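Hi,

Here is the structure I promised to pass on to you. Have a look at it first, and then read on for my notes.

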Amino acid sequence: MKKEIVIGNTMISPKEKTFIIAEMSANHLMDYDRAVRIMDAAKESGADAIKIQTYTPDTITLDSDKPWFQITQGTIWDGVTLHKLYESAYTPWEWQPKLKEEAQRLGLEFFSSPFDLTAVDFLEEMNISAYKIASFEITDIPLIRKAAETGKPIIISTGIAYKEDIEEALKTCEEAGNRQVILLKCSSAYPSPYEDINLKSIEKIAEDFQCITGLSDHTMGSAVAVAGVALGAKVVEKHLTLNRADGGPDGAFSMEPREFKEMVDNIRMVEKAMGTATYDLTEKQKSSREHSRSLFVVLDMKKGDMITGQNVRSIRPSCGLHTRYFNTILGKRVNRDLESGTPMSLDYLEDQP
């Protein structure tokens with residue numbers, strides 16, 4: 001897999017800043033103007049991209065009351081059918097070209113998650129810059145193949161995937177001639193319990209599949225996302241809404257703009273703090289060494305006085321004799337008068353070691 005991937009005008013690689021995606025999902029609440037306001041909030045909060053979803057209730061599932069179409073997995077959506085959920089969650093297709101124009105106006109990258117083959121065709125007509133394969137679609141090989149055949153970068157969430165599912169998805173992309181794949185660690189629970197996240201998997205995925213990795217995070221708050229960046233995530237995706245109290249299928253686990261901005265700011269601080277693995281000192285650290293410890297005369301001494309732990313001590317700053325010599329000079333006598341506050345030196349000993 002490639003380690004440098006371009007989405008629109010943005011380079012994603014281990015050397016670049018983290019690519020931060022604001023997921024709109026169903027938070028538009030079927031209001032186009034609200035969708036635009038979410039995009040404005042994403043830009044103001046520091047996101048690099050806005051992501052939507054491209055499906056209709058009938059392209060993602062069937063309108064059926066049969067048991068297997070009921071949501072009963074202990075989610076926030078239990079008690080309704082899949083079709084009913086998606087009726088309230090989908091993004092009208094006629095909005096999407098206009099939303100892309102709004103994103104371009106704002107300087108945000110814009111792309112989508114397709115959920116069937118017709119969605120890929122529609123998004124290709126829009127010439128979007130990348131495709132996101134949602135966690136539950138990682139087993140939809142025809143969908144992955146069609147998206148990969150476009151030659152656009154593919155971002156895949158791995159929430160429900162066994163390792164062999166990831167392997168098959170990557171193989172499908174490679175067979176389509178597409179090695180521009182980013183894998184996102186994801187737990188596919190909404191909201192996600194912290195104990196289910198397994199952030200260490202980010203490094204494992206990167207090592208096993210030699211690809212750019214990231215995090216699709218559905219936990220509450222920003223701590224997990226920020227920690228993910230420290231562990232190597234180069235892409236972070238979080239749901240964004242204007243106000244959780246407004247409701248909606250995804251509102252309960254989405255970030256509000258203030259929270260999203262705080263997350264972005266913290267990620268950018270962590271990126272600066274990561275630096276490189278080195279024992280070299282910065283110029284500031286070198287300067288700070290002036291305040292480290294060394295041996296000083298701390299009581300006035302006369303020529304011939306014996307050095308003890310009372311008249312010579314290890315104190316700050318660092319311009320005296322190195323503390324490694326303390327035991328060596330104990331019991332020796334000085335060859336001159338020394339005032340308290342004098343940096344100790346081997347030159348002041350009658351019998352130099």
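Let's begin with the cysteines: how far is the sulfur of C211 from the closest cysteine sulfur? The distance is 11 Å, to C173, and this is too far for a bond because a disulfide needs two cysteine sulfur atoms within 2.5 Å. C186 has a similar story to tell: the closest cysteine sulfur to its own belongs to C211, and at 15 Å that is again too far for a bond. By this rule, the model has 0 disulfides. Please keep in mind that this is a predicted model.

Are these two cysteines buried or exposed? C186 has a relative accessible area of 3%, so it is buried. C211 is at 4% relative accessibility and therefore counts as buried too.

Next, please find strand β10, which covers residues 235-239. How many of its residues are buried? The count is 5 of 5, so the strand is mostly covered, given that buried means under 20% relative accessible area. V235, E237 and H239 point one way from β10, while V236 and K238 point the other way. This is a nice pattern to look for, because side chains in a regular strand alternate between the two faces of the sheet.

Strand β10 also has partners. Strand β3 (residues 19-23) runs parallel to β10, and 5 bridges join them. If you want a place to start looking, F19 has V235 as its bridge partner in β10. Strand β9 is parallel to β10 as well, joined to it by 2 bridges, and here S216 stands opposite E237. Between these two strands the chain goes from β9 through α9 to β10, making a β-α-β crossover that is right-handed.

While you are in this region, look at D217, in the loop between β9 (212-216) and α9 (223-230). D217 counts as buried because its relative accessibility is 2%. Its side chain makes a polar contact of 2.8 Å with the side chain of T219. Which residues does D217 touch once its neighbours within four places in sequence are left aside? They are V224, A225, E237 and K238. Two of these names, E237 and K238, should be familiar from β10.

Another strand to visit is β5, residues 109-114, where 6 of the 6 residues are buried. From β5, E109, F111 and S113 point one way, and F110, S112 and P114 point the other way. Strand β4 (residues 49-54) pairs with β5 in the parallel sense over 6 bridges. In that pairing, A49 stands opposite E109.

Finally, here are a few spots in the backbone that I think you will enjoy finding:

- M30 is not a glycine, yet it has a positive phi of about 65 degrees. M30 sits in the loop between β3 and α1 (32-44), and its relative accessible area is 33%, so it is partly exposed.
- N127 has a positive phi too, of about 55 degrees, and is not a glycine either. Look for N127 in the loop between α5 (117-126) and β6 (131-133).
- The peptide bond from R316 to P317 is cis, with omega near 10 degrees. P317 belongs to the loop between β12 (312-315) and α12 (326-329).

Have fun exploring, and write back if anything is unclear.

Best wishes

Key. Residues are numbered from 1 along each chain as its sequence is written. This is a predicted model: local features need pLDDT of at least 70, side-chain atom pairs count only at pLDDT 80 or more; totals for chains, interfaces and linings use all residues. Side-chain values use heavy atoms; hydrogens and water are left out. Buried means under 20% relative accessible area, exposed over 50%, partly exposed in between (1.4 Å probe, protein chains only). Helices (H or I, at least four residues) and strands (E, at least two) are DSSP runs, numbered from the N terminus. Two strands pair if DSSP finds at least two bridges between them. A polar contact is a pair of N or O atoms within 3.5 Å; within protein, one must be able to donate a hydrogen and the other to accept it, and residues adjacent in sequence count only if both atoms are side-chain atoms. Contact means heavy atoms within 4.5 Å. A crossover is right-handed if, with the strands pointing away from the viewer, the path from the first strand over the helix to the second runs clockwise.
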